Amino acid sequence: MLTDPISDYLTRIRNASKAGHRVVDIPGSNLKRQITKILFDQGYILSYKFEEDKVQGNIKIALKYDKATKEPIIKKLQRVSKPGLRKYSGSGDLPRVLNGLGIAIVSTSHGVMTSKQAQQENVGGEVLCYVY
C-alpha cells in the first residue's frame, strides 16, 4: 500500500478548516515542517508548534479564520505533483496561482519554497501544491 504523506497533510488541514476546528494535529516530517513554515510566513495559518514526542514527532497547526465572516483563510489546497505523476517546472515555467493571489509550493534543490522565491533564485523543481 503506497500512501502520499503530503496529500494526507493537505487533506487534514482542508477537513479541519471546513469543519471549523481551531487546531489540527498532523504527524510530522521534515517536508511537512517546511510546508508549514511557508504557510505561516505567507499568512495562511495563525501559528504552529513542532512537538518531538514520538519517533516522527507531531505538528500542531492553529488555523486562521476571517474575523467578520468566520470563513477559513485557506479557500483551497490542491495537490499538484502526485506519486503516480510527478510535475516538474523549470525556473521560467513556474506557475502563478490565481494571477499572483495564491502561492505554489515548490520543492527545489535549494529547499522547499514558494514559486516566487524559486523564480528569484532562478531554480526549478517539483510543484507540490497550490494554496489560495
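Here is a walk through the structure, from the overall fold down to single residues.

First, some ground rules: this is a predicted model, where local features need pLDDT of at least 70, side-chain atom pairs count only at pLDDT 80 or more, and totals for chains, interfaces and linings use all residues. Residues are numbered from 1 along each chain as its sequence is written, and side-chain values use heavy atoms, with hydrogens and water left out.

Let's start with the fold. The protein has three helices and eight strands, taken as DSSP runs numbered from the N terminus (H or I and at least four residues for a helix, E and at least two for a strand). Read from the N terminus, the order is α-β-α-β-β-β-β-β-β-α-β. The radius of gyration is 15 Å, close to the 14 Å from the globule rule for 132 residues, so the protein is as compact as a globular protein of that length. That radius is taken over C-alpha atoms, and the rule itself is 2.2 Å times the number of residues to the power 0.38. If you want a box for it, the C-alpha trace spans about 40 × 40 × 25 Å along the principal axes.

How much of the chain is tucked away? Of the 132 residues, 42% are buried; buried means under 20% relative accessible area, exposed means over 50%, and partly exposed is in between (1.4 Å probe, protein chains only). The exposed surface of the protein comes to about 7,700 Å², with carbon and sulfur atoms supplying 49% of it. Those areas come from the Shrake-Rupley method with a 1.4 Å probe, and for residues only the protein chains shown count as cover. As for contacts (heavy atoms within 4.5 Å), take those between residues at least 6 apart in sequence: 60% of them join residues at least 24 apart.

On charge, there are 21 positive and 12 negative side chains, and the centres of the two sets lie 5 Å apart. Lys and Arg count as positive, Asp and Glu as negative, while His and the chain ends are not counted. Each charge is placed at NZ of Lys, CZ of Arg, CG of Asp or CD of Glu.

Now zoom in on strand β3, which covers residues 58-63. Asn 58 sits in this strand and counts as buried because its relative accessibility is 13%. Leaving aside residues up to four places away in sequence, Asn 58 touches Asp 25, Ile 26, Pro 27, Gly 28, Lys 49, Phe 50 and Glu 51. Ile 61 is in strand β3 too, and at 0% relative accessibility it is buried. With the same sequence neighbours left out, the contacts of Ile 61 include Tyr 9, Ile 13, Val 23, Thr 36, Ile 45 and Tyr 48. Ile 61 and Val 112 are 51 residues apart in sequence, and their C-alpha atoms are 18 Å apart in space.

Next, the aromatics. A pair of aromatic rings is described by the distance of the centres and the angle of the planes. Here rings of Phe, Tyr and Trp (its six-membered ring) pair if their centres lie within 6.5 Å, and planes under 30 degrees apart count as stacked, over 60 as edge-to-face and the rest as tilted. That rule gives two aromatic pairs. One is Phe 40 with Tyr 48, edge-to-face at 5.3 Å centre to centre and 80° between the planes. The rings of Tyr 48 and Phe 50 have centres 5.1 Å apart and planes at 45°, so this pair is tilted. Phe 40, Tyr 48 and Phe 50 together form one aromatic cluster. Phe 40 is partly exposed at 34% relative accessibility, Tyr 48 is partly exposed at 27%, and Phe 50 is partly exposed at 25%.

Finally, the loops. Between β5 (88-89) and β6 (103-108) lies a loop that holds Gly 92, which is exposed with a relative accessible area of 68%. The C-alpha atoms of Gly 92 and Ala 118 are 9.6 Å apart, with their positions 26 residues apart along the chain. Asn 99 is also found in the loop between β5 and β6. Asn 99 has a positive phi near 55° without being a glycine, and it is exposed at 65% relative accessible area. Over in the loop between β3 and β4 (77-79) you'll find Lys 70, another non-glycine residue with a positive phi, about 60°. Lys 70 counts as exposed, at 60% relative accessibility.
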